[in-house]
Amino acid sequence: VLGAPALGDPGPLEDVVIDRYYIPKICLREAQMGDFIRYHYNGTFKDGKKFDSSYDRGATVAGVVGVGRLITGMDRGLQGMCVNERRHLIVPPHLGYGSIGVAGLIPPDATLYFDVVMLDIWNKNDKLQITTLSKPERCNRTVENSDFVRYHYNGTLLDGTPFDSSYSKGSTYDTYVGTGWLIKGMDQGLLGMCAGEKRSIIIPPFLAYGEKGYGTVIPPQASLVFSVLLVDFHNPKDGVFLEHLEVPETCKRRAVTGDFVRYHYNGTLMDGTLFDSSYSRNQTYNTYIGKGYIIPGMDQGLQGVCMGEQRRVVIPPHLAYGENGAGKYKIPGSAVLIFDVHVIDFHNPADPVEIETVFRPEGCNVTTRDRDFVRYHYNCSLLDGTRLFSSHDYEKPQEVTLGANKVIEGLNSGLLDMCAGERRVLIVPPHLGHGESGARGVPGSAVLRFEVELISMEEGVPEGYLFIWHGEPPANLYEQMDLDKDGGIPAEEFSTFIKTQVAEGKGRLMPSSDPEKVIADMFRNQDRNQDGKITPDELKLKSDEDQEKIHEEL
């Protein structure tokens with residue numbers, strides 16, 4: 001009898017009177033004959049006097065419905081109930097304890113009134129109920145037995161009563177799957193999950209804590225409901241997983257152990273949580289690979305990269321920060337790390353300058369040597385294409401004496417043995433460039449790319465010389481230099497003499513964009529007392545000075 005209009009005196013009853021005074025909006029399952037159920041109840045007589053209560057005992061009632069283990073009226077009255085449904089039941093004597101009653105508790109021919117709330121329903125034939133609540137679009141791998149998982153969960157009984165939550169503890173639950181460390185239902189329920197997936201897992205008692213329950217929070221014969229978010233997982237046998245996001249069309253060289261790599265990265269956990277980024281510091285991470293300066297997984301993950309490559313490196317915890325994690329970076333223990341890496345450049349400390357000749361004129365017989373004075377145009381950039389400097393930004397080409405330590409060593413080397421009109425591409429490693437410290441506008445440890453074009457060249461002079469003779473110098477050098485024969489050589493006479501020697505092809509000045517300055521420096525070197533003129537005692541050839549110096553040292 002359903003929906004009794006009132007619970008006054010119904011008169012003699014033939015069957016149970018059922019008042020479904022609360023029915024939940026969602027009823028996934030109704031109690032059927034043979035189901036195991038858990039419920040609370042208060043039992044009273046017509047006058048309201050209580051004769052029994054599961055609440056007073058502090059424990060729910062568990063049993064099988066519809067198989068004669070309960071009084072007939074309760075057996076009938078519980079069937080069809082939903083979890084969290086509440087019913088008033090009126091059980092006539094012949095469906096209760098009849099004309100005998102229960103000594104000292106229930107008198108003969110007593111009509112019984114029950115207020116019941118259904119808490120749990122299950123059947124020995126039940127299976128795990130898994131509902132996928134959300135799933136990432138990309139799922140390259142799913143959980144298998146022997147994997148180590150990190151997950152968050154909320155655990156409730158079937159009626160919604162919470163009993164545990166990882167969120168309240170502020171940390172994930174971390175364990176192996178399929179090795180007996182979890183209840184059977186959770187072991188099965190986690191299989192096939194993707195990192196980032198959310199599931200609802202309903203576990204019947206025989207796959208959970210069964211007849212014993214667990215402490216005071218999980219009653220005996222309780223179905224459990226877990227809302228699970230899989231944060232990450234790995235297997236102890238895992239190595240580093242690589243995903244090549246973007247590889248340059250041309251890759252002349254790949255990084256190997258001992259190379260020094262400059263790269264940008266974003267580091268995230270498997271759930272997408274960002275824990276570190278070189279971009280946020282606006283500075284590349286610079287290190288040697290294969291030398292133990294970085295976590296083993298990254299040491300492996302950077303092997304074989306090309307310059308300009310973008311690569312995803314997935315690192316299991318045993319090749320990262322292990323069980324302890326890294327508090328500095330807010331990396332939990334046993335966390336899988338994902339690095340999205342962009343390799344800017346790399347080099348080896350033994351690298352020379354890499355020279356590629358783009359164009360070399362025909363009939364190239366004269367090439368640059370050390371101490372030559374050259375004029376050239378150049379464009380300088382990083383290997384990722386970032387433009388740094390260009391001589392084209394100025395009115396005239398760059399000018400330099402090779403070997404005079406006026407340009408970085410790698411550029412100096414790259415300008416040697418060039419013809420006028422020749423064009424080259426130079427790749428200069430940092431130890432031949434601006435080193436670990438870099439320079440204004442140049443990052444530390446950066447490999448530089450130069451596009452150079454030699455405009456012109458002038459033959460140089462040996463180091464330390466400002467002027468050299470093409471043959472033997474005049475025997476009576478001072479007399480020839482003293483044009484007015486007054487016994488002293490002022491700056492004008494000196495300048496006139498030197499220019500004449502150059503004009504007649506008897507000697508040459510150190511190449512320079514300012515020959516007057518070179519001659520002035522020569523005069524100043526010879527005017528030893530700085531009185532404005534050179535005397536016979538002051539005038540000395542540099543070759544003679546070098547011999548005197550050797551004699552003094554001996």
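**Group meeting talk: strands, rings and salt bridges**

Let me start with a pair of strands: β2 and β6, the latter covering residues 112-122, run antiparallel and are joined by nine bridges. One of the contacts there puts R38 across from D120, its bridge partner in β6. Before I go on, please keep in mind that this is a predicted model.

Stay with β2 for a moment. Which other strands does β2 pair with? One is β4, residues 61-64, which pairs with β2 in the antiparallel sense over four bridges. In that pairing, F36 has V64 as its bridge partner. Another is β3, residues 50-53, again antiparallel to β2, with three bridges between them. There, T44 stands opposite K50. The hairpin of β2 and β3 has five residues between the strands, and in it G48 takes a positive phi near 90°. If you like checking backbone torsions, go and look at G48.

So is strand β2 enclosed or open? Of the nine residues in β2, which spans 36-44, seven are buried, so the strand is largely enclosed by the rest of the structure. In this part of the chain you will also find an aromatic cluster made of Y39, Y41, F45, F51 and F114.

Now let me zoom out to the annotation. The UniProt record, an unreviewed entry, lists "domain: PPIase FKBP-type" at residues 34-122, 146-234, 258-347 and 371-458. For two of these spans I have some numbers. Residues 34-122 are 12% helix and 38% strand, with the end C-alpha atoms 9 Å apart. Residues 146-234 are 11% helix and 39% strand, and there too the end C-alpha atoms lie 9 Å apart.

On to the rings. How many aromatic pairs does a search of the whole structure find? The count is 27. Let me show you two of them. Y151 and Y153 have ring centres 6.0 Å apart and planes at 50°, so this pair is tilted. Both of these tyrosines, Y151 and Y153, are buried. Then take Y376 and Y378: their centres are 6.0 Å apart with the planes at 45°, so this pair is tilted as well. Y376 and Y378 are both buried.

There are tyrosines at the surface, too. Y209, Y214 and V217 form a nonpolar patch there, with about 280 Å² of accessible area together. Y209 sits in the loop between β11 (198-203) and β12 (224-234). Its relative accessible area is 30%, which makes Y209 partly exposed.

Last topic: charges. Across the whole structure, the search turns up 35 salt bridges. I have picked three for you.

The first example joins D351 and R253, whose closest N and O atoms are 2.9 Å apart. This pair links distant parts of the chain, 98 residues apart: D351 is in the loop between β18 (337-347) and β19 (354-359), and R253 is in the loop between β13 (241-246) and β14 (260-269). Are the two partners buried or exposed? D351 has 17% relative accessibility, so D351 counts as buried. R253 has 32%, so R253 counts as partly exposed.

The next example is between the side chains of D340 and R312, at 2.6 Å from N to O. Here the partners are 28 residues apart, with D340 in strand β18 and R312 in strand β17, residues 310-315. D340 is at 28% relative accessibility and therefore counts as partly exposed. This bridge is part of something wider: R138, E243, R312 and D340 are linked in a network of salt bridges.

My final example involves the side chains of D521 and K517, with 3.3 Å from N to O. Why are these two separated by about one helical turn? Because D521 and K517 are four residues apart in helix α9, which covers residues 515-526. K517 is at 48% relative accessibility, so K517 counts as partly exposed.

To wrap up, here is what I would keep on screen: β2 with its nine bridges to β6, the aromatic cluster that includes Y39 and F114, and the salt-bridge network of R138, E243, R312 and D340. Thanks, everyone, and I am happy to chat.

Notes: Residues numbered from 1 in each chain as written. Predicted model: local features only at pLDDT ≥ 70, side-chain atom pairs only at ≥ 80, totals over all residues. Heavy atoms only, no water. UniProt positions renumbered as here; feature names shortened; annotations may be inferred. Salt bridge = Lys/Arg side-chain N within 4 Å of Asp/Glu carboxyl O. Buried < 20%, exposed > 50% of the residue type's maximum accessible area, 1.4 Å probe, protein only. Patch = residues over 30% accessible without salt bridge, like charges linked within 9 Å, V, L, I, M, F, W, Y side chains within 5 Å. Areas by Shrake-Rupley, 256 points an atom, 1.4 Å probe, with all protein chains shown as cover. Pairing = 2+ DSSP bridges. Phe/Tyr/Trp six-rings, centres within 6.5 Å; stacked < 30°, edge-to-face > 60°.
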